[in-house]
Amino acid sequence: MKQTKLTIFIDGWCPNCKRFAKLIKRIDIWQHIKIEDARQMNKSNYNIDLLVAKKHMASINQSSKVAYGFTSIYRVVKTIPLM
């Protein structure tokens, strides 16, 4: 059973965000990162600010700590050994 270490929320309307998500899916061979669309997310499931998440990629780690922007990118790089 795979274990999700990080969940990231991308803007599903942003071409750069979608490209980044495709890259992550390709190189995350152990599938530790779950990718969700911030625009289609159920607000009650997560404790993130949707307005900020649509502009800056949001992430939630295993200990339920929320981060935005470059901190989220850092978490992705740290989670995927190939990066």
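This passage describes two pockets of a predicted model and the strand that contributes to the setting of both.

Residues are numbered from 1 along each chain as its sequence is written, and side-chain values use heavy atoms, with hydrogens and water left out. Because the model is predicted, local features need pLDDT of at least 70 and side-chain atom pairs count only at pLDDT 80 or more, while totals for chains, interfaces and linings use all residues.

It is convenient to begin with strand 1 (6-10). Helices (H or I, at least four residues) and strands (E, at least two) are DSSP runs, numbered from the N terminus. In strand 1, 5 of the 5 residues are buried, so the strand is largely enclosed by the rest of the structure; buried means under 20% relative accessible area, with a 1.4 Å probe and protein chains only. L6, I8 and I10 point one way from the strand, and T7 and F9 point the other way.

Strand 1 has partners in strand 2 and strand 3, where pairing requires that DSSP finds at least two bridges between two strands. With strand 2 (residues 33-37) it runs parallel, joined by 5 bridges, and L6 stands opposite I33. With strand 3 (residues 58-61) it runs antiparallel, joined by 4 bridges, and here the bridge partner of L6 is N61. Strand 1, helix 1 and strand 2 also make a right-handed β-α-β unit, meaning that, with the strands pointing away from the viewer, the path from the first strand over the helix to the second runs clockwise.

Now to the pockets. A pocket is an open set of points on a 1 Å grid over the protein atoms alone, where a 1.4 Å probe fits, with protein on both sides within 12 Å along at least five of seven lines; lining residues have an atom within 4 Å of a point. A volume is the space filled by probe spheres set on the points, which are joined across faces, edges and corners.

The largest pocket holds about 180 Å³ of space. Among its 13 lining residues, C17, K55, H56, M57 and I73 lie nearest the centre. Strand 1, helix 1 (15-27), helix 2 (50-55) and helix 3 (70-79) each give two or more residues to this lining, with helix 2 giving the most, 3 residues.

The second largest pocket holds about 160 Å³. Its lining consists of K5, L6, N61, Q62, Y74, R75, K78 and T79, and helix 3 supplies the largest share, 4 residues. L6 and N61, the bridge partners described above, thus both belong to this lining.

Definitions and conventions:
Buried means under 20% relative accessible area, exposed over 50%, partly exposed in between (1.4 Å probe, protein chains only).
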